[in-house]
Amino acid sequence: MSSSDFIRDKIKADIESSKFGGRVHTRFPPEPNGYLHIGHAKSICLNFSIADEFGGSCNLRFDDTNPDAEDADFVDAIQEDLAWLGFEPNGEAKYASDYFEQLYTWAEDLIQKGLAYVDDQDAETISANRGGFTTPGVDSPWRERSVEENLELFRGMCAGEFDDGAKVLRAKIDMQHPNMHMRDPVLYRIKRAAHIRTGNDWVIYPTYDFAHGQSDAIEGITHSLCTLEFDDHRPLYNWVLNNLDLPHEKPEQTEFARLNLTHTVMSKRILRQLVEDGSVDGWDDARMPTLRGLRRRGYPPAAIREFIDHIGLARVDGTNEIELLESFVRTSLNKTALRRMAVLDPVKVIITNWPEGKTDLREAVNNPEDADAGTRSVPFTGELWIEREDFSLDPPPKYYRLTIGREVRLRSGYFITAQDVVTDDDGKVVEIHCTYDPETAGGQAPDGRKVKATIHWVSAEHALDANVHLYERLLTEALPGKDGQEILASLNPESRKTVSAKLEPILADVEPGQVVQFERLGYFAVDLDDTSLFHRTVGLRDEWARIQKRQNNQNKQKNQKKNKGRAPIS
RNA sequence: UCGCGGGUAGUUCAGUUGGUAGAACACCAGACUUUGAAUCUGGGGGUCGCAGGUUCAAGCCCUGCCCCGCGAGCCA
């Protein structure tokens, strides 16, 4: 079912020409320095799906070449999130650090070939001498050391004879190269830091550019897929591999555009800031774009996968609408989520002609999209909660829910007609007095009269209390940081609203993480830790909201026109 | 400023060897409906970045220009 794109086209061509003997082997290479987010999901889906489609496999490899940044906790978290998304890596997780020994040997090979040298300049000097976009770099004074001297020095680096930062190993390529990454890039640096896997075994660590391609090669990766910002690294990727004796065919790097979403930040730095300043509860807050956040929010992994599959692949940087992702979430949940009734903003309905003390057990369909989901029974009594919005004393145009004198259907219940209300001192409705028609138990009136609306309800006597988190966009700006503004400038202080809701009794029996549909409201996920807390995953499409919005816009335009007409002519 | 990569509906992407520009989501309208949901049907939407050139014919080929992204870590 997968669409065709430039990467799949290339792989098909490679298979036909048997470039890698027809093999396809990909990898997902996260650095264990943070939690996975929806942006990573694109890379994950891409690498795993492609392997699957072409009968290959996909490795999970931790790119752990920088002990300063990495933490073992993330290794576990990443594997959990990957499993949650529904992917199983080929064999055990791999680590770039598994190859430190081989990488070291290769570094000596390069020195032997006269293609690498030890540089005594400090970081600032190296940076200054690299030149700029318009100015060529200048050669290091240590560039022409002999092979023997380089070898001895490099071994000394490895043996811990020099201070951190005192020396580096550099590739000897071309300080005049138009591509900055080719101006004698650093291959090894001295860093006395405990590594998550190798502890204090090493004091020198390879850079990304001296580890990634070789790791690919060692694992027999054929197609090394990465994001566009590595485009400039490709010549270096190839240079390194071309100068080494590889155990397999040389892998090929291909770049694609990373995922951007409206109203969303993907930057780890900014996400950390949100966590640290308390704007969100943590990395797994339901408003975070992390996989853990989306999981708490109730996003089905399948919806994420289908979304990624749908948006396709290109080399064009762009931004997808978050609404598109949400539409995949709805489509997925519509088919699977059990329907339940919950009232988020309750107002009391008294049925005046209901037999005193009677409880009627109503049979309600669990999921109209899935006959196998069966039915449940819901207690109905003479005192109910309904949604405050479903009653109006002064109904706006096109409003067709409950209002005085009008009849509506209670879902899976009876037709009721509002007769009267009780208000408090502020005029706020506190009780709606209604009559019901016992003949409408089947959901239809025997005389064939129709009602325009069906509303949901919960028996007051049987209602469960629960907290529900309602979410708005974390960032109100579609493109945060657009036009040079602060990325968090549009941080929404009201991105989460908690309401105490009334639930039908069967909702006592839910699993952590389960997502149900509160009828007419949206999809709601049971919290992972507290089953009396629900998170609004995503609302239902809301035609009424749209009607109101349109009316508001029309009014606004009318006012603007009026004002324009009145504007003085200067 | 230099190098690289890009530019096709609101958004994300298709577009074969040059032959009347497509899809999905979004938007609008209608049908159906015990969720103003879902489902179904239909509709509006485009100076193919701009300007030249080649050609009977250019989104596609050629030239020039414009705009956007990335790049000067001992981060990945």
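Is C45 buried or exposed in this predicted model? With a relative accessible area of 5%, C45 is buried. The legends below start with this cysteine and then move on to other close-ups.

**View 1. C45 and C58, two cysteines without a disulfide.** Searching the whole structure for disulfides turns up zero. A disulfide is a covalent bond between the sulfur atoms of two cysteines. For C45, the nearest cysteine sulfur is that of C58, and it sits 11 Å away. Look from the other end and C58 tells a matching story: its nearest cysteine sulfur belongs to C45, at 11 Å, and C58 is in no disulfide either. The cut-off for a disulfide is 2.5 Å between the sulfur atoms, so a pair that far apart doesn't count. C58 is tucked away too, counting as buried at 4% relative accessibility.

**View 2. F100 in helix α4 and the residues it touches.** F100 belongs to helix α4, which covers residues 100–112. How accessible is F100? Its relative accessibility is just 2%, so it counts as buried. Setting aside residues up to four places away in sequence, F100 touches D64 and T65, then Y188, H195 and T198, and also W202, Y205 and P206. D201 is worth picking out as well: 101 residues separate it from F100 in sequence, yet their C-alpha atoms are 10 Å apart in space.

**View 3. T254 in strand β9.** Here we're looking at strand β9, residues 252–256, with T254 in it. T254 is buried, its relative accessible area being 9%. Which residues does T254 contact, leaving aside neighbours within four places in sequence? They are F6, I7 and K10, together with the run S224, L225 and C226.

**View 4. An open sheet of seven strands.** Follow the strands across and you get the order β19-β16-β17-β18-β12-β15-β20, with mixed pairing. At the edges stand β19 (454–455) and β20 (457–459); each has a single partner strand, so one side of each is left without a neighbour in the sheet. Zoom in on β17 (residues 415–423) and β18 (residues 429–437), and you'll find an antiparallel pair joined by eight bridges. One residue pair to look for is A418 with C434, its bridge partner in β18.

**View 5. The protein surface around RNA strand B.** There are 67 residues around RNA strand B, and those that come nearest are R189, H310, R339, G442 and Q517. Sorted by class, this surface has 24 charged, 23 polar and 20 nonpolar residues. Several elements supply at least two residues each: α5 (123–129), β6 (186–190), α11 (301–311), α12 (322–336) and α13 (543–566). Of the elements, α13 gives the largest share, with five residues.

**View 6. Polar contacts with RNA strand B, atom by atom.** What part of RNA strand B do the atoms within 4 Å of the protein belong to? Sugar or phosphate accounts for 63% of them, and bases for the rest. Two of the contacts shown go to phosphate oxygens. In one, an N or O atom in the side chain of R541 is 2.9 Å from a phosphate oxygen of the strand. In the other, a backbone N or O atom of T319 lies 3.0 Å from a phosphate oxygen. K398 goes for a base instead: one of its polar backbone atoms is 3.1 Å from a base nitrogen of RNA strand B.

Methods. Residues numbered from 1 in each chain as written. Chains lettered and ligands numbered in written order. Predicted model: local features only at pLDDT ≥ 70, side-chain atom pairs only at ≥ 80, totals over all residues. Heavy atoms only, no water. Helix = DSSP H or I, 4+ residues; strand = E, 2+ residues; numbered from the N terminus. Buried < 20%, exposed > 50% of the residue type's maximum accessible area, 1.4 Å probe, protein only. Contact = heavy atoms within 4.5 Å. Near = heavy atom within 4 Å. Polar contact = N/O pair within 3.5 Å; in protein donor to acceptor, adjacent residues only side chain to side chain. Nonpolar A, V, L, I, M, F, W, Y, C, P; charged D, E, K, R; others polar. Pairing = 2+ DSSP bridges.
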